[in-house]
Amino acid sequence: MRSVVGTDDLLLVTLDTLRFDVAEELAAAGRIPHLARHLPGGRWERRHAPGSFTFASHQAIFAGFLPTPAAPGPHPRLFAARFAGSETTADGTFVYDTPDLVSGLAAAGYRTVCIGGVGFFNRQGPLGTVLPGMFQESHWEPEFGVASPTSFEAQVASAEEVVAALPADRRLFLFVNVSALHQPNWFHLPGAAREAGDSRETHAAALEYVDRHIGRLFAAAGSRRRCFAIVCSDHGTAYGDDGYTGHRLGHEVVWTVPYAQFFLPGPDASEGAR
């Protein structure tokens with residue numbers, strides 16, 4: 001990341017609440033083609049979340065602690081605050097001298113922008129200001145929230161406006177918290193009824209909905225220059241697994257998340273869009 005930060009734009013997308021097993025199955029079955037074409041080898045990487053619910057996980061992610069590979073380590077990190085004794089800071093790690101990654105990127109000259117989704121980003125109360133307050137610019141509307149059947153389309157439209165308004169020479173760190181996977185998600189499955197509630201099947205349908213529109217987000221993020229993208233879940237959720245429902249609990253389906261990182265080549269891939 002030391003050679004990427006300061007040169008490329010950056011995109012971080014958290015698919016809030018997405019389970020690894022559902023993401024893996026849909027990629028293998030060809031049900032999320034727009035995401036799968038960017039996944040290395042067409043597969044999600046299996047990782048462990050840094051928290052079991054949105055607020056805790058994003059606090060860790062914004063401190064540079066992305067989901068950890070689900071295999072014995074140590075695992076060098078892409079981003080890290082400078083502190084003595086770090087065993088996961090490597091030669092290629094982007095090291096910053098601020099309390100969090102967002103302000104570290106701002107200090108490196110990036111415009112930092114948050115497109116919020118779930119309630120922790122809605123600025124409707126003091127707690128909802130903490131995470132978006134890390135960014136120089138943040139956006140949230142009721143249409144972006146969990147109750148909107150068209151939430152991701154609205155978020156993508158906002159991201160397109162952000163990218164279009166930014167001066168061409170200004171680097172961008174764009175963060176999008178995708179709310180569509182989070183409950184309630186029953187309305188993404190054709191024929192489903194509110195009374196039946198959410199299920200693993202409606203969760204999968206929500207991911208298919210996101211996939212239908214994520215190409216626009218990738219196109220916007222890569223429209224100015226090469227963009228380094230991270231797409232991952234912040235935690236999973238349970239739908240009756242071993243009797244558990246929801247998250248903020250220590251079940252395997254909550255802690256195991258999908259992760260991918262890749263480059264969007266930019267408008268002139270032959271020159272790296274530098």
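Modeller: Accessible areas come from the Shrake-Rupley method with a 1.4 Å probe, and for residues only the protein chains shown count as cover. This is a predicted model: local features need pLDDT of at least 70, side-chain atom pairs count only at pLDDT 80 or more, and totals for chains, interfaces and linings use all residues. Residues are numbered from 1 along each chain as its sequence is written, and side-chain values use heavy atoms, with hydrogens and water left out.

Colleague: What is the accessible surface of the protein chain, and what share belongs to carbon and sulfur atoms?

Modeller: About 11,600 Å² is accessible, and carbon and sulfur atoms hold 53% of that.

Colleague: How do you know whether the radius of gyration agrees with a compact globule?

Modeller: The radius is taken over C-alpha atoms, and the globule rule is 2.2 Å times the number of residues to the power 0.38. For 274 residues the rule gives a value near 19 Å; the protein chain has 18 Å, so the two agree.

Colleague: What percentage of the residues is buried?

Modeller: Buried means under 20% relative accessible area, exposed over 50%, partly exposed in between (1.4 Å probe, protein chains only). Buried residues are 53% of the 274.

Colleague: What makes β3 and β7 edge strands?

Modeller: Strands are DSSP runs of E, at least two residues, numbered from the N terminus. Two strands pair if DSSP finds at least two bridges between them. The open sheet runs β3-β2-β12-β9-β1-β8-β6-β7, with mixed pairing. β3 (68–69) and β7 (137–139) each pair on one side only.

Colleague: In which sense do β1 and β9 pair?

Modeller: Parallel, over six bridges. Thr-14 has Cys-232 in β9 as its bridge partner.

How values were computed: Helix = DSSP H or I, 4+ residues; strand = E, 2+ residues; numbered from the N terminus.
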